[in-house]
Amino acid sequence: MSINPNNPLSVLKSHLHATYAAAALLLATGSLAQAADLNALIWCDHADPALLQPFEEANGIKVNVKEFEGTGAGMAIVEQSQPGDWDVMVIDSIDIPRGVEKGLFEPLPEDKLPFADLFPQVKMDGSTVAGKRYGITEKFGYNTIGYNKTKVDPADMQSMAALTGDKYKGKIAIYDYYLPVIGIAALAIGKKTAELTEADLPAIKDELLKMKANAKLVGEVTASQTALATGEVDILVGGGEWVTAGLAKENPALDFSIPKEGAVLWSQSLAMFKDSENKELALKFIQYIMSPEGQARLATSSCYWGMPANAKAALSDEQKKILRFDEQPDFLARAQSYPAPNADLDKKMQDVWTEMLQAQ
Amino acid sequence: MRALVRIASWLYALAVYGFIFLPVVVLVLFSLQATSFPIPPFTGPSLRWYDAVLADTRLTSALVNSLLVAALSSAVAVTLGFLSAWGFARFTLLGSALLRGLITLPLTVSYLIIGMGLLVLFNWAGVPKSLLAAGIGHVVINLPLCFAIIYSQMGDHQINIERAARDLGAPEWKVLLLVTVPVMAPAIFAGFFLSMTFSWDEFVISFLLTRFDTTLPVEIWNLLRSGLNPKTNAVGSLVFAVSIVLVVFFELMLLRRKPA
Amino acid sequence: MNPATNSGRALPWALVTPALGWTLLFFVLPFLAMGFSSLTAHDGSGFTLSNYSQFFANPAYWQAMVNSLQVTAIVTLVSVLLAYPFAWILAEQVPERWQRLALMLAVLPFWTSYVVRSYSWLLVLAQNGVINRALTGSGLFTEPVQLANTRLATITGFVHFFVMLLTLTIFANLKQLSPSYRKAAADLGAGPVRTFLHVVLPLTLPGIMVGAFLTFVLCIGDYITPQILGGNNELLMPQLVMMQIGRRGDFPLASALSIILMAVVTVAYLACARRLKIERA
């Protein structure tokens, strides 16, 4: 926020600042006491006690977590914090350079992390800045079509045309996150997700509106999972192993396909903050998450499942089967990257999304 | 005719009771579900989800946080509300009506907007998010309520007793503590109780203003986002039970005071 | 009221200043900060009116306000219409000694946590939920009806809460009526219906207005209920505000939307201000 020194509010602010500073000091004493803890800005899969507790117990510390969704919101949280408030962050792999541009992240020591064991397609060699790696991919998967194979014809799920046709009208849910689903809409009309511009938005919007007309609901992670698992809908646009795998026990009929148009590859990375006062612990945490055990726990986290980035993850055969571990080379070859708009296009995409939500 | 009205009344009342209790019954019933989805068919009874809730330290510490925030913010709200109500009722102050209007103004504003305002201000002043910040917001929403309740109960009766005490030579603080507070106790109590209720159940302000340690409604919201889960039913039923115990407790306290 | 002046002018101000100060510091000032923020650009490039102009220029944005007003109006109306007869039955038809218990029962679910209440309705209304099971099980319907994830679900969740709230306020109102009014009306030859229409209803109208206004304020600012029950098939204003914060951290736009929302509530307040008596006259 830019502040004009002649603005009366700014003058008011300077007077009040002393008062608030005193209050802030008071409030800060609470957080200072936790200086030895690790403060992590995360996605919901990292909040699973089964993942965090072994690390907390081994190091005798507490991991404080704050969940967020979307890089924009995550960056906003960081910008509103004091330097040193955060130690590590989970972020969309493609957005790592954005964080580096803002001067947020610390280069990772390549020799101390298992980069060599990662699936090569998700190593993100393109995201290095000046030859340095600022993030390590920890988990990935696909935003594609999730469905109940006892209720729909799996053959139909090989084409995105099924999403806008009449056959499954009212049996569809849309995952409520604009980037991947805009990516899917782009694939459906034959565009490359990596090359989207503002000029593509009208056509994408039309495609989204057609999907919306077929959809019963547009739901966040939970709402869409639940809708699929309980039979509220039979198809989830934007779904993938992250929906079907975790629910495989309750509902083994759930499956996902990578249709002929392709799918959107999502991939999340861990990054360390440059201003962290706890870099040693932060590195330990990243090492733990990237270890075969950590990877297995993260891949099967209670919030959502996903493919571990480390091919050596200690998954059981059954878990591998649920995640379709062996089919990954084919999936990866056909998947396209997650849309990575700049701030301006991002806002426009979100407006398109808002319009889609409001359409009746 | 009269009988007809009676029957219609009973039917109507039963229907409304049914509507009011339907979600609660479903909530509690499926908290005893043995399988992972809280929808029919019923597979219980089982207490496994209650075990899961009690073993979840995030939930249990959020419960403690909620009680703390509710008790402390209500204490502050009722104290400030009482003092100002007393001030306005006993003295003629310049611009009294306007100032009273100012104190009650937050009653007309959505919690979302109060929370947003505090969030913007705290960001701007560099105050970190915390339970204390949420507590400050809870005082903002409860202070006008306490003030309005207590102010509306202050009457000539109480002024007269106070004057009698003062005429007998009691200093101002003694009048306040030994006469006004006891006379006003029911209103003070009602204000505190209502504040506790609102704070205990408040979501959006806590959601916007807390960071790691948070209140129970926010933690339940987080839980909800991790899936449709009988655990949410279990924690909801537990909160319900705790609330009922508190209500009955307060009700008994009030009833005991009545005859005096 | 007789002012007591023996303790000078310092004491009264000392009594009211903490409450006034709190309100100024944590209510008025945040509001000003929000107003200031709403006039800045998200990218920090100075002052702009674009946060407001966006709202009016984009139909998807102001549609959220239209949706909010529609839902709130329906909820307020339906809740009052459901609650009034109920409160009347509790106050007039239920024997005196059972009234307290009857009222307690009527507001008991009030004490389930607010987030959980909406969630419970989701369970009730789901495709495979209790209602749909009952409907298909009884043979009335062959296919489940879509109840969850609709505007109807949002309204049901809201009405459930506000019926309880309004029952409380209207009941209190009815009990405050002196029986002598009714007796006077009867003595003048009015039947029960006319007594109700010409005496009871007008006298309880101010109380209804207070309750309705409270419903309006609480309903229009609520995020949880539409978010859980509406299935995002449409957006209401609070959802639009939270989206700006949650997705993009766009505080200026969220501030502008909040201020627009507040302006609408203020207009509603002024519209019924004459009938409102929030504090003692």
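The following paragraphs lead through selected features of chains A, B and C.

This is a predicted model, in which local features need pLDDT of at least 70 and side-chain atom pairs count only at pLDDT 80 or more, while totals for chains, interfaces and linings use all residues. Residues are numbered from 1 along each chain as its sequence is written, and chains are lettered from A and ligands numbered from 1 in the order in which they are written.

Chain B offers a starting point. Its secondary structure comes to 11 helices and 0 strands, where helices (H or I, at least four residues) and strands (E, at least two) are DSSP runs numbered from the N terminus. The C-alpha trace of chain B spans about 70 × 65 × 30 Å along its principal axes. Its radius of gyration is 23 Å, whereas a compact globule of 260 residues would have one near 18 Å; the radius is taken over C-alpha atoms, and the globule rule is 2.2 Å times the number of residues to the power 0.38. Of the 260 residues of chain B, 48% count as buried. A residue is buried if 20 or more other C-beta atoms lie within 10 Å of its own, exposed if 12 or fewer, and partly exposed in between, with C-beta atoms placed from the backbone.

In chain A, helix H8 spans residues 221–229, and 8 of its 9 residues are buried. Among them are A:Val221, A:Gln225 and A:Leu228. A:Gly231, which follows H8(A), has a positive phi near 85°.

Positive phi values also occur outside glycine in this model, at A:Arg324 and C:Asn149. Most residues other than glycine have a negative phi. A:Arg324 has a phi near 55° and lies in the loop between helix H12 (317–323) and helix H13 (328–334) of chain A. With 18 C-beta neighbours inside 10 Å, A:Arg324 is partly exposed. C:Asn149 has a phi of about 60° and is placed in the loop between helix H6 (130–137) and helix H7 (151–176) of chain C. C:Asn149 counts as buried because 28 other C-beta atoms lie within 10 Å.

For chain C, an unreviewed UniProt entry annotates residues 12–33, 69–90, 102–122, 152–174, 195–224 and 251–272 as "transmembrane region". UniProt positions are given in the numbering used here, feature names are shortened, and annotations may be inferred rather than shown by experiment. Residues 12–33 of chain C are 100% helix and 0% strand, with end C-alpha atoms 30 Å apart. Residues 195–224 of chain C are 90% helix and 0% strand, and their end C-alpha atoms lie 42 Å apart.
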